[in-house]
Amino acid sequence: MYGFLIAVGVLLLLSIIWMVYRIQTLVSVVKGSDKKVVTGSNKVNALMFILFLVGAGGLMFWYSIKEFDNYNLPVASEHGVVTDQLFWVTMAVTGIVFIITHILLFIFPYKYQYSERRTASFYPDNNKLEVIWTVVPAIVLALLVIGGWRAWTDITAPAPENAHVVELMGYQFAWEVRYPGMDNVLGANDYRLTNASNVSGVDFTDRNSLDDFSSPVVYIPKGEPVLFKIRARDVLHSVFAPHMRLKMDAVPGMPTRFWFVPTKTTAEMRAELNNPEFNYEIACTEICGRGHFSMKREIVVVEPDEFRKWVADQKPYIVNNPALVADLPLELKELAEITISEYK
Amino acid sequence: MATAESALHNATAHDHHDHEHHDNFITKYIFSTDHKMIGKQFLVTGIFWAIIGGALSIIFRLQLGFPDMELHWLKPLLGGWIDEGGKLDPNFYLALVTMHGTIMVFFVLTAGLSGTFSNYLIPLQIGARDMASGFMNMLSYWLFFVSGVIMFISLFIETGPASGGWVVYPPLSALEQAMPGSGLGMTLWLISMTFFIASSLLGGINYITTVINLRTKGMSFSRLPLTIWAFFLTAVIGLLSFPVLFSAALLLVFDRSFGTSFYLSDIYIGGEALPNTGGSAVLYQHLFWFLGHPEVYIVLLPALGITSEIIATQSRKPIFGYKAMIISMLGIAILSFVVWAHHMFVSGMNPFLGSIFMFLTLIIAIPSAVKVFNYLTTLWRGNLIFTPGMLFSIGLVSFFISGGLTGIFLGNSAIDIQLHDTYFVVAHFHLVMGSASFFGLMAGVYHWFPKMFGRMMDARLGYIHFWLTFIGVYMVFFPMHYIGIAGFPRRYYSWTNFEFTNMYTDLNMFVSAAAIITFAAQAIFLFNFFYSMYRGRKAPMNPWRSTTLEWTTPVNPGHGNWPGEIPAVYRWPYDYSKPGAAEDFIPQTVPLSATPESNLPHEQELVKLEKEIIAEEEAMLVADETKTV
Ligand code: HEM
Ligand SMILES: [Cu+2]
Ligand SMILES: [Cu+2]
């Protein structure tokens, strides 16, 4: 059915084009306009530029203002406030350039459309002008870059000592979230240890891993630095937390990191947006295969106290699945068993 | 006749023995070594690929704009990729995106644009009989053709074509287990691209050699039309960067088939741990973008060259700042090699590198800005004739501004954290690279069609085509900025999994509808193009009253381009509306000594020199004549 409709549509379109074409060729031959430098169309085209300028410009302003709250994602991290500010400063600068250049670009065609009475002015160069419009953009750009460079060095500086560590490991097609436990130090891992019951390939011969636990959501405290340690176990992925203005690729064989300070709890954000359903989310932004569009994890931001309580309540891997430590050397195994009994 | 013949022989730089050409169909239309025919071959092949690439994008736009639509009607074409429920397979969605990107960037905008116009215009505008090596030129086209055939076949294999995005990052593209497209489809992609790279290199070497060696008498570098400057620099960029893509691809082949670990390390996939260690996935990205960024200028510079030429001609004004235009292009060409890592700010590379590349990237925006201002000033106080070519050129400038400005956001690494791999990037490069270059291609076709086929395209259909396409392109790509600022990631099959993307269904529908209309509007062009080729109004010799050399050839130039001697050149290509001149243009072939009324003071001094040269030439001609008669 669709196929038929499309075929009819195409045929119709072609025959209309054909007819318009024949008619206007005949008309132009009758009028003898094919011999002139320009026809009446020149004026129409010139006018169209003005119409386009007004029409498209109006549409742009109307939509940008109307939709502002929709496309402007709320921000919930300290550095996010800075990068958003850079974004809007850049928007102001480029916006002005965009508008001025387009006004000129579309007014000139109208104003200087062909007329037999006029000749174009012979104006091949003007060094002063050229210098001005090389130097001015250079200065403006330099200012913008310096702002960006400052923010970038702060954002990518080493994380504070006290940052809460969370490991995010991408795989096809989900994120595995691992916490370091009370010691705030993640246990070592080796991809060769990966199997169905040890998704992250945690190396339990490392004492630091004994209290590591995993979580279905990314739970983090408000107002304290959080360090995402990011890796991947099969192909590239990329951690994207849009409200945190955070993005970092997950690369197999090369751990990456991103630290930030969340500024609003989930509850606060829900109240602010008047949306009780609201959740912070993590998505994947590096193409990774069939399920790329569905790699979701929620982030829950809570008050620091609540966070500490939550951490204390979590059960390490080895508590949930003691088989993980069954094959350990004796000494370590005893240690592990003590840990397990502590949690019981 | 005898004199004309002999003059032709003497003026030919390389040995040109064939007196009469008895071309049969095969040597004329298929294995042709004539640059004009090869240019047309590139053009027609490029148009073919543009239709395929466009159609692929329409299919995935249907998925994005109308996610609930049942696509059973596509089953005859896509077979198993449409499931029982009439839904597109997510793997095939990625295949569509990948093939769309590959085809558009390489086959349409590199081969279709540069291949067509470098081939067609270089000899005609510099005054040469043909390319330096006609054979290499022919080889260049046929390697491109083979590359296309292989890519085309890959669309139909059972596991589907390559699907890892047009950048084909490993490990995704290296491991068959990762997705079906990384199997045979990816192998064919790599083979196809190898042929393509070889084709580009052969073409590029030829363009460079021709421009350096075969310019006619008087055609100094400072008298070259900006088109030639653009093609020349494009070829240089390609020559330096395509080999790096080849090396990236070669290492990928090793990793895929011979067990090496250039890009692979610590991988557990499909239930097993792979033995590879020590490789770096980021290495591939560096190699790829070392081509990838220059590639965007390979695509854009020829379009800018074409526009410069057309805007000057149809404004009846010299291009403003000829020297500045050349210097900007040179600057862009050089800088384009030192900004590649701005595609990798959040790839995990050292953040210090990020800072360096942020500075370098924003420097490249300066020559781009200069070009825009120069175009505007060229329009200022001109006498503008809106041929379709001129309309498309103005459209290009608009896209170049819109897309170039968003580059300033993306080049700022702090801002790019949020915008990277979102629809904001999609909007950016489709405007500045995709649409701008596509408009350059269209402008060039409309402008040089009379030279190519000896007939005129219909102007009014051209206007309709332009306005539908211009408005359409903005309707498709402008809304993507909003979607991108809202954080929508690229290469997503569906938006409904996330709260933050579970909106804008209306806007996505609008974009898809606009895309379909814009795509359909190209039928007007196709009709105009093929119809005018056979039935269009016969073209006069110089329909746009242009100054450059190609318009001094006969309406249908034969092998060797000029029946007589190649004309010499006496002035720069932009003497439009020169004060004092009788006409509003003075062709490059008119000696300064013939136009004392319009010469500028410094030109007056050149006149004496010129007279000597002319006298010398005449003496030679006379001598020749006495010899042959
Ligand atoms: C004003 C100068 C420009 C600047 C500062 C700039 C900057 C950037 C940056 C930083 C990116 C990476 C964005 C990201 O992935 O997060 C980018 C992407 C891109 N740019 Fe530009 N750009 C400029 C002009 C151009 C031009 C002139 C072209 C083409 C002719 C172009 C084509 C592209 C393409 C194709 C991509 C995306 C590639 C991909 O990820 O698939 N850009 N640009
Ligand atoms: Cu992904
Ligand atoms: Cu780039």
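## Domains of chain B

In this predicted model, the domain assignment splits chain B into domain 1, residues 30–535, and domain 2, residues 570–628. The contact between them draws on 15 residues of domain 1 of chain B and 12 residues of domain 2 of chain B. The C-alpha centres of domain 1 of chain B and domain 2 of chain B are 41 Å apart.

UniProt, in an unreviewed entry, places the feature "domain: Cytochrome oxidase subunit I profile" at residues 25–594 of chain B. That span of chain B, residues 25–594, is 63% helix and 1% strand, and its end C-alpha atoms lie 44 Å apart.

## Contact between the domains of chain B

About 1,100 Å² is buried between domain 1 of chain B and domain 2 of chain B, with 57% of it on carbon and sulfur atoms. On the domain 1 side of chain B, the residues that lose the most area to domain 2 of chain B are Arg223(B), Arg316(B) and Pro318(B), which together make up 51% of what that side buries.

The rule finds one salt bridge across the interface of domain 1 of chain B and domain 2 of chain B. A salt bridge joins the side chains of Arg316(B) and Asp584(B), at 3.0 Å from N to O. Arg316(B) is thus named twice here: in this salt bridge and among the residues of domain 1 of chain B that lose the most area to domain 2 of chain B. Seven residue pairs are in polar contact between domain 1 of chain B and domain 2 of chain B, both residues being at pLDDT 80 or more. Helix α9 (residues 281–315) of chain B gives the most to the domain 1 side that touches domain 2 of chain B, namely three residues. By class, that side of domain 1 of chain B has eight nonpolar, two polar and five charged residues.

## Domains of chain A

Chain A is divided into domain 1 (40–114 + 128–157) and domain 2 (164–342). In their contact, domain 1 of chain A takes part with 13 residues and domain 2 of chain A with 14 residues. The C-alpha centres of these two domains of chain A lie 40 Å apart.

Two UniProt annotations from unreviewed entries are relevant to chain A. "Domain: Cytochrome oxidase subunit II transmembrane region profile" covers residues 59–159 of chain A; the chain there is 75% helix and 0% strand, with end C-alpha atoms 44 Å apart. "Domain: Cytochrome oxidase subunit II copper A binding" covers residues 161–313 of chain A; this span is 12% helix and 35% strand, and its end C-alpha atoms lie 24 Å apart.

## Contact between the domains of chain A

Domain 1 of chain A and domain 2 of chain A bury about 1,200 Å² between them, and carbon and sulfur atoms carry 55% of it. Pro74(A), Ala76(A) and His79(A) lose the most area on the domain 1 side of chain A, together 44% of what that side buries.

Across this interface of domain 1 of chain A and domain 2 of chain A the rule finds one salt bridge. Asp84(A) and Arg245(A) form a salt bridge, their closest N and O atoms being 2.7 Å apart. The polar contacts between domain 1 of chain A and domain 2 of chain A number 10 residue pairs, both residues at pLDDT 80 or more. Helices α4 (78–111) and α5 (127–156) of chain A each supply at least two residues of the domain 1 side that touches domain 2 of chain A, and α4(A) gives the most, with five residues. That side of domain 1 of chain A consists of six nonpolar, four polar and three charged residues.

## Interface between chain B and chain A

The contact between the chains takes 127 residues from chain B and 112 residues from chain A. The area buried between chain B and chain A is about 10,800 Å², with 70% of it from carbon and sulfur atoms.

The rule finds one salt bridge across the interface of chain B and chain A. The side chains of Asp89(B) and Arg290(A) form a salt bridge, at 3.2 Å from N to O. In addition, 32 residue pairs are in polar contact between chain B and chain A, with both residues at pLDDT 80 or more. Helix α11 (residues 351–379) of chain B supplies the largest share of the chain B side that touches chain A, 15 residues. The residues of that side of chain B are 82 nonpolar, 29 polar and 16 charged.

## Backbone features

Most residues other than glycine have a negative phi, and most peptide bonds are trans. In chain A, a cis peptide bond joins Gln172(A) and Phe173(A), with omega about 0°. Phe173(A) lies in the loop between β1 (164–171) and β2 (174–179) of chain A. Asn184(A) has a positive phi, near 55°, and is found in the loop between β2 and β3 (213–214) of chain A.

In chain B, Pro170(B) and Pro171(B) are joined by a cis peptide bond with omega about 0°. Pro171(B) is in the loop between α6 (134–154) and α7 (184–213) of chain B.

Methods:
Residues numbered from 1 in each chain as written. Chains lettered and ligands numbered in written order. Heavy atoms only, no water. Domains from an automatic or database assignment. Contact = heavy atoms within 4.5 Å. Buried area = accessible area lost by both parts, 1.4 Å probe. Salt bridge = Lys/Arg side-chain N within 4 Å of Asp/Glu carboxyl O. Polar contact = N/O pair within 3.5 Å; in protein donor to acceptor, adjacent residues only side chain to side chain. Helix = DSSP H or I, 4+ residues; strand = E, 2+ residues; numbered from the N terminus. Nonpolar A, V, L, I, M, F, W, Y, C, P; charged D, E, K, R; others polar. UniProt positions renumbered as here; feature names shortened; annotations may be inferred.
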